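Welcome! Have a look at the model below, then try the exercises at your own pace.

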There are 2 protein chains.
Amino acid sequence: MRGLAVPLALGLSLSPLFAQTDPLPSWNDTAPKKAILAFVAGAGAIPPAERIAVFDNDGTLWAEQPVYFQLAFALDRIKALAPQHPEWKTTEPFKSILAGDMKAVMASGEKGLGKIIATTHAGMTTDEFAAIVQDWVATARHPRFGKPYTECVYAPMLELMTYLRANGFKTFIVSGGGVEFMRVFAEKVYGIPPEQVIGSSAVAKFELRGGTPVLVKQPQVEFVDDKEGKPVGINRFIGRRPVLAFGNSDGDHQMLQWTAAGSGPRLIGIVHHTDAEREWAYDRASPIGKLDKAWDEATAKGWIVVDMKKDWNKIFAFQN
Amino acid sequence: MRGLAVPLALGLSLSPLFAQTDPLPSWNDTAPKKAILAFVAGAGAIPPAERIAVFDNDGTLWAEQPVYFQLAFALDRIKALAPQHPEWKTTEPFKSILAGDMKAVMASGEKGLGKIIATTHAGMTTDEFAAIVQDWVATARHPRFGKPYTECVYAPMLELMTYLRANGFKTFIVSGGGVEFMRVFAEKVYGIPPEQVIGSSAVAKFELRGGTPVLVKQPQVEFVDDKEGKPVGINRFIGRRPVLAFGNSDGDHQMLQWTAAGSGPRLIGIVHHTDAEREWAYDRASPIGKLDKAWDEATAKGWIVVDMKKDWNKIFAFQN
């Protein structure tokens, strides 16, 4: 007891010494934080095996502007491969990529995008692809922030996932992004192991090369983990309905509906991009991360809508 | 020290007091058990996140005779549905199923099997299907043993999986069986949660029914998790190469090759069905669970081949 006598004698309150550390310091004390704290406080009612929490990635865990980061990877990759492909100087969409004409690249539409993905995401083994992504993650810099893309992740969401895991939740990514792209960094950046990353995928083919088995990435799309694909992916990969889901766009709408429709305690959240100064502000009219119908349902159903400007005192760890 | 004086004075050895409980009591002290104990003793060299162990199901964790258990489920289901389908009395393969003519059912080949699976595994929601399987698991009995199918599981393999999990391994099923079929009982029977069950699957379709989202099972096959499909499935669902793999047939060959080809400590095992008395004896010539090429490679590479008769003192918990 002697150790306590000094602060008591000095008239200091002991309560800060025993106060719990705030698990969500980057969240302001507004409605979303209160709802999260209340939900986790009641998590004891959910059997541990059912504490499944799913998160979209682009626009929910990391930024998605000025273009999806995986598209930035693909464009960088085409530039890196260009010396071996002189024919690209006269072939679209490569010509426009090399000329830095993003408008023309976008105008090439799904066909152009298909060529970009097939060129950069197929024709190599899964191990080779992972090494290429690893190298890009280590060297590429975000054009606005000058930081590695893997630092353009939302500090409040990292806190939320850490907090959930500390309370027995298993966190999953359920993203339209490529599963083999995300798995390269998800464990280090998000604390999410590869087997808890769900995403879009292409066909892979098993081959024995000189007696060594390899998986070769093919250009054919196998699964698109977006919109209706998200609950399908959750069912396929997890096989259990989540109790918590966070997204930011209409691409997440069905995942949020699927999660909300389960029985028992539920937390459904949307990250609303409202901060043009620290990040970006976009919603109903945005070609990337359009948030329209899911927002309407969130309002009608009382789901959490996080206003990044109002509800987060920090967005990226590298700011302030 | 006084506590030890009495047994010492009585000339009793202390070592049994401190001996570890045998983690694999159903395994005889033959080569496979020794190899497993040595592998797990050295597991400290494997980073915890990489301790991924994969197991085939049919013939490796539970029996697969006289027919695959999932086929038994499908045939039982057709009998249960028959009163609503008078036309089945004259349509194959239903007619032969209802007449109990298994030879004719088998003669209907892939086309017949496709009809059986489409009839019993599609056209309902995923929740409805799980309830049907749950009911079958609770009521159906194995024709030879008179026990629930979920008791026809190999006690030594349950011990092995428990032992691995106690040493920080994450256990997965990688089976040609239907993923939604296995997930109904895998957690209770094997201690493997749904998100660690990988299997074959059919297409599922997201629908809103009166505002409630459902996933409806379709007849189209989506993924066959067998042979070359097993490493593909491991890559798709786990995204990390296992360090331990167990199978029993040529359907597991590529999974064993894929696992063996990684660097660092590896344990590759095959369950060889050699005990016609307690279970069944079959290998190279069997239409179910054919073990031929994988056995040859196991012999050449020094993989573990478990001789059920010699290496297991117990096969099922209900036998002693």
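Here are three short exercises on this predicted model, each with a worked solution.

**Exercise 1. Describe the overall build of chain A: how many helices and strands does chain A have, and what does the C-alpha trace span along its principal axes?**

Step 1: Start with the secondary structure. Chain A holds 14 helices and eight strands.

Step 2: Turn to the dimensions. The C-alpha trace of chain A spans about 80 × 45 × 40 Å along its principal axes.

Step 3: Add the inside and the outside. Of the 320 residues in chain A, 54% are buried. The area that chain A exposes is about 14100 Å², with 57% of it supplied by carbon and sulfur atoms.

**Exercise 2. Work out whether helix H11 of chain A is enclosed or open.**

Step 1: Find the helix, which covers residues 229-237 of chain A.

Step 2: Check its residues against the cut-off: buried means under 20% relative accessible area. Nine of the nine residues are buried, so helix H11 of chain A is largely enclosed by the rest of the structure. Among them are Lys230(A), Ile234(A), Arg236(A) and Phe237(A).

Step 3: Look just past the helix. Gly239(A), just after H11(A), has a positive phi of about 70°.

**Exercise 3. Place Thr125(B): is Thr125(B) buried or exposed, and which residues does it touch?**

Step 1: Locate the residue. Thr125(B) lies in the loop between helix H7 (109-121) and helix H8 (126-139) of chain B.

Step 2: Judge its accessibility. Thr125(B) has 7% relative accessibility, so it counts as buried.

Step 3: List its contacts. Leaving aside residues up to four places away in sequence, Thr125(B) touches Arg209(B), Val214(B), Leu215(B), Val216(B) and Lys217(B).

How values were computed: Residues are numbered from 1 along each chain as its sequence is written. Chains are lettered from A and ligands numbered from 1 in the order in which they are written. This is a predicted model: local features need pLDDT of at least 70, side-chain atom pairs count only at pLDDT 80 or more; totals for chains, interfaces and linings use all residues. Side-chain values use heavy atoms; hydrogens and water are left out. Helices (H or I, at least four residues) and strands (E, at least two) are DSSP runs, numbered from the N terminus. Buried means under 20% relative accessible area, exposed over 50%, partly exposed in between (1.4 Å probe, protein chains only). Accessible areas come from the Shrake-Rupley method with a 1.4 Å probe; for residues, only the protein chains shown count as cover. Contact means heavy atoms within 4.5 Å.
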